[in-house]
Amino acid sequence: MAHPKFSVSLVTPEGPAFEGEAEMIVVPGAAGEIGVLARHAPLVAMLNAGSTRVYVDMDSSQIQTFATGPGFFQVLEDRAIALVDDAVLANEIDVERAQRQLEEAQAEFEKIERGESEADRWQVEQRIRHAENQLQTAGAS
């Protein structure tokens, strides 16, 4: 049974990672995964680093999986928008880039621990999580 489609956008500072019609989007909310179908009630949520899945067509298993950084999610009428700091298609993960992201975030976290950095601990933890998620996803594919 086909589900009604609605407008879905997954946007990074570099531009849209996904823009189009989909039947469902599942995002990594701060309290757990949030799945949204067409005609979902209005919603605003914080997103953790994790996996975002766009179900373009559930019957044909047309699913796009992204490793996404932290951000915000908004649902308005028939539109869902995820604004994240990074989004990489699971099958296009650059392991060297992810490894670099991990090392930079870990170095920043150590500075925070030593009191040498004013960076936001949550943001840095999310950067570590995002890099680890990419490396794990790349290893699984």
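Helices here are DSSP runs of type H or I with at least four residues, numbered from the N terminus. With that convention in place, T137 is found in helix 2, residues 121-140. Good morning, colleagues; I should state at once that this is a predicted model.

Let me stay with T137 for a moment. A polar atom of the T137 side chain lies 2.7 Å from the backbone oxygen of N133. Setting aside neighbours within four places in sequence, T137 is in contact with A90 and I93.

I turn now to the strands. Strand 1 pairs with strand 2 in the antiparallel sense, over seven bridges. These two strands form a hairpin, with two residues between them. To fix the register, F6 has A22 in strand 2 as its bridge partner.

Strand 1 also pairs with strand 9, and here the sense is parallel, over five bridges. In that pairing, S9 stands opposite I81 of strand 9. Strand 9 in turn pairs with strand 8, in the antiparallel sense and over six bridges. There, V75 stands opposite A80 in strand 9.

What does the hairpin of strand 8 and strand 9 hold between its strands? It has two residues between the strands, and E77 takes a positive phi near 45° in this hairpin. As a general remark, most residues other than glycine have a negative phi. E77 is thus worth a second look, as a residue other than glycine with a positive value. At 70% relative accessibility, E77 counts as exposed, because the cut-off for that label is over 50%.

R39 offers another case, with a phi near 65°, again positive in a residue other than glycine. R39 lies in the loop between strand 4 and strand 5. Its relative accessibility is 64%, and therefore R39 too counts as exposed.

Next, the interior. In soluble globular proteins, nonpolar side chains tend to be buried together. Which residues touch the most other members of the largest nonpolar core? They are I25, V54 and F73, in a core of 21 residues. The elements that give two or more residues to this core include strand 1 (6-12), strand 4 (32-37), strand 6 (50-57) and strand 8 (71-76).

F73 deserves a closer description. Leaving aside neighbours within four places in sequence, F73 is in contact with a list of residues, among them I25, V27, I34, V36, L43 and A80.

One of those contacts, V36, is found in strand 4. Is V36 buried or exposed? V36 is buried, because its relative accessible area is 0% and the cut-off is under 20%. Not counting residues up to four places away in sequence, V36 touches F6, E23, M24, I25, F73 and V75. V36 and A80 are 44 residues apart in sequence, yet their C-alpha atoms are 8.0 Å apart in space.

A second, separate core has seven residues, including L102, A105, V124 and A131.

That brings me to helix 1, residues 95-113. At 1.5 Å a residue, its 19 residues should span 27 Å; the end C-alpha atoms are 27 Å apart, so the two values agree. The buried residues of helix 1 are A98, L102, A105, F109 and I112. These residues cover an arc of only 85° around the axis, which means that they lie on the same side of helix 1.

Both ends of the helix have a detail to report. At the start of helix 1, a side-chain oxygen of D94 reaches to within 3.0 Å of the backbone nitrogen of E96. Just after helix 1, G115 takes a positive phi of about 75°.

I close with S117, which lies in the loop between helix 1 and helix 2. S117 has a relative accessible area of 14% and is therefore buried. Which residue does the side chain of S117 join through a polar contact of 2.5 Å? The partner is the side chain of E108. Not counting residues up to four places away in sequence, S117 touches E108, K111 and I112. Of these, I112 is among the buried residues of helix 1.

Thank you; I am glad to take questions.

Methods:
Residues are numbered from 1 along each chain as its sequence is written. This is a predicted model: local features need pLDDT of at least 70, side-chain atom pairs count only at pLDDT 80 or more; totals for chains, interfaces and linings use all residues. Side-chain values use heavy atoms; hydrogens and water are left out. A nonpolar core is a set of buried Ala, Val, Leu, Ile, Met, Phe, Trp, Tyr and Cys residues joined through side-chain atoms within 4.5 Å. Buried means under 20% relative accessible area, exposed over 50%, partly exposed in between (1.4 Å probe, protein chains only). Contact means heavy atoms within 4.5 Å. Two strands pair if DSSP finds at least two bridges between them. A polar contact is a pair of N or O atoms within 3.5 Å; within protein, one must be able to donate a hydrogen and the other to accept it, and residues adjacent in sequence count only if both atoms are side-chain atoms. The expected span of a helix is 1.5 Å times one less than its number of residues. The arc is that of the directions from the helix axis to the C-beta atoms.
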